[in-house]
Amino acid sequence: MVDYAELAGLAESLFEASDDDDELLAERLDTVDGETRRALLSSDLLNAYQVFYYCFREAPDELARERLQLHAASDLARGIVIDEVDIYDVIFSLEDGEPVLLITDGENTLARFEGEQAYDEMVRYLDECL
């Protein structure tokens with residue numbers, strides 16, 4: 001188990017080293033040991049956008065980015081609506097440390113995408129099927 005004070009110190013040093021550069025922060029997170037990285041990615045020390053970028057290495061559109069920036073990474077356990085397409089919500093979450101994107105109408109899941117290719121697969125699905 002990772003000590004919160006140590007985790008906060010590590011997060012601060014990562015932010016200072018990356019100087020608000022998303023790619024650099026993701027690269028720095030890659031160097032952190034797995035247990036500590038998982039703790040950071042599910043904490044209140046990072047925001048959900050930083051986790052999204054870490055997982056997919058690309059930025060979503062501006063609206064999704066703003067929505068993610070307003071949430072702590074810990075909110076990803078419940079999932080965050082990052083977009084609406086017709087009657088569907090696109091939800092980003094982390095399950096066991098893995099990124100998941102869902103397209104749902106609120107009751108039923110239309111499509112589910114998991115892993116580091118989930119974002120590309122979801123965009124392709126939206127372009128081809130909706």
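## A tour from the strands to the helices

Start at the hairpin of β3 and β4: four residues lie between the strands, and glycine 106 there takes a positive phi near 100 degrees. Helices (H or I, at least four residues) and strands (E, at least two) are DSSP runs, numbered from the N terminus. Two strands pair if DSSP finds at least two bridges between them.

Before moving on, some ground rules. This is a predicted model, where local features need pLDDT of at least 70 and side-chain atom pairs count only at pLDDT 80 or more, while totals for chains, interfaces and linings use all residues. Residues are numbered from 1 along each chain as its sequence is written, and side-chain values use heavy atoms, with hydrogens and water left out.

**The strands**

Stay with β3 and β4. They run antiparallel, joined by five bridges. Select leucine 101 and phenylalanine 113: the phenylalanine, in β4, is the bridge partner of the leucine.

Now select strand β3, residues 98-104. Is it enclosed or open? Six of its seven residues are buried, so β3 is largely enclosed by the rest of the structure. Buried means under 20% relative accessible area, exposed over 50%, and partly exposed in between (1.4 Å probe, protein chains only).

Next, bring in β2. It pairs with β3 in the antiparallel sense over seven bridges. Click valine 90, which stands opposite isoleucine 103 in β3. Then go to the turn of this hairpin. Two residues lie between β2 and β3, and aspartate 96 in the turn has a positive phi of about 55 degrees.

Valine 90 has another residue opposite: aspartate 83. That leads to strand β1 (residues 80-85), which is joined to strand β2 (residues 88-95) by five bridges and runs antiparallel to it. These two strands also form a hairpin with two residues between them. In its turn, look for aspartate 86, with a positive phi of about 55 degrees.

**The salt bridges**

How many salt bridges does the structure hold? There are six. A salt bridge is a side-chain nitrogen of Lys or Arg within 4 Å of a carboxyl oxygen of Asp or Glu.

Select arginine 112 and glutamate 95. They form a salt bridge, with the closest N and O atoms 2.5 Å apart. The arginine is in strand β4 (residues 109-114) and the glutamate in strand β2, 17 residues apart. Add Glu114: Glu95, Arg112 and Glu114 are linked in a network of salt bridges. Arginine 112 is partly exposed at 39% relative accessibility, and glutamate 95 is partly exposed at 34%.

Move to aspartate 22 and arginine 65. Their side chains meet in a salt bridge (3.6 Å, N to O). The aspartate lies in helix α2 and the arginine in helix α5 (residues 62-69), so the pair ties together parts that are 43 residues apart in sequence.

Then pick aspartate 30 and arginine 57, whose side chains meet in a salt bridge (2.8 Å, N to O). Aspartate 30 is in helix α2; arginine 57 is in the loop between α4 (48-56) and α5, 27 residues apart.

**The last stop**

Finish at aspartate 21, in the loop between α1 (4-18) and α2 (22-30). It is partly exposed, with a relative accessible area of 36%. Which residues gather with aspartate 21 in a patch of negative charge on the surface? Add Asp19, Asp20 and Glu27 to your selection. Patches are made of residues with over 30% relative accessible area and no salt bridge: like charges are joined within 9 Å, nonpolar side chains (Val, Leu, Ile, Met, Phe, Trp, Tyr) within 5 Å.

Technical notes
Areas by Shrake-Rupley, 256 points an atom, 1.4 Å probe, with all protein chains shown as cover. Lys, Arg positive; Asp, Glu negative; His and termini not counted. Charge placed at Lys NZ, Arg CZ, Asp CG, Glu CD.
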